[in-house]
Amino acid sequence: NNTVNTGISCEHRIDEEKMIIPGVRNLYIHHNNFILDSPTFHGVQAIEIYVDYSEISHNYFENFSFNIQSWLGDDTLTNVLIHHNIFNGNGGGRALSFQMGGSSYSNPERHTVYEGFKVYNNTFNGFSDVVDNGHGQVENLEAYNNVFMNITRSVWRHFVDEYAEDPVNV
């Protein structure tokens with residue numbers, strides 16, 4: 001039940017086997033308002049996520065260029081639930097952005113793999129792209145019962161090759 005006018009970074013560097021408690025999420029972000037004061041400010045993410053077994057639900061997002069973003073490199077981010085949120089964009093940007101990460105930029109074998117995400121019962125309004133799969137490392141993503149409005153380019157943007165002239169858009 002917070003109102004935040006900037007982003008938060010949720011990061012861990014603890015071995016996964018030490019983090020997992022059976023049946024309990026490692027991180028639960030819910031019932032918050034993420035409202036960026038300036039709708040023209042670009043490059044800010046509301047939530048920077050790096051924690052396995054996280055849940056982001058019942059939040060309101062407004063005016064962020066990247067709402068849920070990960071730049072993690074050399075790792076796998078798994079089992080993140082994103083549901084019952086409202087994402088209001090500023091006409092550009094991305095609601096969910098999964099990228100290759102830091103030092104792994106020039107080495108595809110070291111790009112982060114995003115695995116086992118579930119995205120459901122969300123409303124996405126006013127973005128260029130809803131999901132940006134920047135380097136093709138998203139696997140087993142389930143998306144269902146979402147509402148997409150005023151999306152100017154794609155619901156799913158996927159770069160097959162980082163040097164490709166045009167990504168695959170859906």
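In the predicted model, strand E4 (residues 33–35) pairs with strand E7 (residues 60–62). The pairing runs in the parallel sense and spans 3 bridges. Phenylalanine 34 has phenylalanine 61 of E7 as its bridge partner. Both strands belong to an open sheet of 6 strands, ordered E1-E4-E7-E11-E15-E19. Pairing in this sheet is parallel. Strand E1 (3–4) and E19 form the edges, and each of them pairs on one side only.

Tyrosine 60 also lies in strand E7. With a relative accessible area of 22%, tyrosine 60 is partly exposed, because the partly exposed class covers values between the 20% limit for buried and the 50% limit for exposed. Leaving aside residues up to four places away in sequence, tyrosine 60 touches Asn32, Asn33, Phe34, Ile35, Ile86 and Asn88. Asparagine 88 is 28 residues from tyrosine 60 along the chain, yet the two C-alpha atoms are separated by 7.9 Å. Within its own strand, the tyrosine 60 side chain makes a polar contact with the side chain of glutamate 62, at 2.3 Å.

The fold as a whole contains 1 helix and 21 strands. The protein has 170 residues, of which 46% count as buried. Its accessible surface comes to about 8400 Å². Carbon and sulfur atoms account for 50% of that surface. Contacts between residues at least 6 apart in sequence were also examined. Of these, 76% join residues at least 24 apart.

Charged pairs were considered next. Side chains of opposite charge can pair when their charged atoms come close. The search of the whole structure finds 3 salt bridges. In one of them, the side chains of arginine 94 and aspartate 129 meet, with an N to O distance of 3.7 Å. Arginine 94 lies in strand E12 (residues 94–98) and aspartate 129 in strand E16 (residues 129–133), so this salt bridge ties together parts of the chain 35 residues apart in sequence. Arginine 94 is buried, at a relative accessible area of 15%. Aspartate 129 is also buried, with a relative accessibility of 0%.

Arginine 94 has another acidic partner. Its side chain meets that of aspartate 132 in a salt bridge of 2.9 Å, N to O. Aspartate 132 lies in strand E16 and arginine 94 in strand E12, so the pair connects parts that are 38 residues apart in sequence. Both arginine 94 and aspartate 132 are buried.

Aspartate 129 also forms a salt bridge with arginine 153. The closest N and O atoms of this pair are 2.7 Å apart. Arginine 153 sits in the loop between strand E19 (147–149) and strand E20 (154–158), whereas aspartate 129 is in strand E16, so the pair ties together parts 24 residues apart in sequence. Arginine 153 counts as partly exposed, at 41% relative accessibility. Through shared partners, salt bridges join Arg94, Asp129, Asp132 and Arg153 into one network.

Aromatic rings were then examined. A pair of aromatic rings is described by the distance of the centres and the angle of the planes. The whole structure holds 8 aromatic pairs. One of them joins phenylalanine 98 and tyrosine 114 in a tilted arrangement. Their centres are 5.1 Å apart, with 40° between the planes. This pair links distant parts of the chain, 16 residues apart: phenylalanine 98 is in strand E12 and tyrosine 114 in strand E13 (residues 113–115). Both residues, phenylalanine 98 and tyrosine 114, are buried.

Tyrosine 114 also pairs with phenylalanine 117. The ring centres lie 6.2 Å apart and the planes stand at 75°, so the pair is edge-to-face. Phenylalanine 117 is buried, as is tyrosine 114.

Ring pairs also build a cluster of phenylalanines. Its members are Phe34, Phe61, Phe87, Phe124 and Phe148. Two of these residues, phenylalanine 34 and phenylalanine 61, are the bridge partners described above for the E4 and E7 pairing.

Terms used:
Residues are numbered from 1 along each chain as its sequence is written. This is a predicted model: local features need pLDDT of at least 70, side-chain atom pairs count only at pLDDT 80 or more; totals for chains, interfaces and linings use all residues. Side-chain values use heavy atoms; hydrogens and water are left out. A salt bridge is a side-chain nitrogen of Lys or Arg within 4 Å of a carboxyl oxygen of Asp or Glu. Helices (H or I, at least four residues) and strands (E, at least two) are DSSP runs, numbered from the N terminus. Buried means under 20% relative accessible area, exposed over 50%, partly exposed in between (1.4 Å probe, protein chains only). Rings of Phe, Tyr and Trp (its six-membered ring) pair if their centres lie within 6.5 Å; planes under 30 degrees apart count as stacked, over 60 as edge-to-face and the rest as tilted. Two strands pair if DSSP finds at least two bridges between them. Contact means heavy atoms within 4.5 Å. Accessible areas come from the Shrake-Rupley method with a 1.4 Å probe; for residues, only the protein chains shown count as cover. A polar contact is a pair of N or O atoms within 3.5 Å; within protein, one must be able to donate a hydrogen and the other to accept it, and residues adjacent in sequence count only if both atoms are side-chain atoms.
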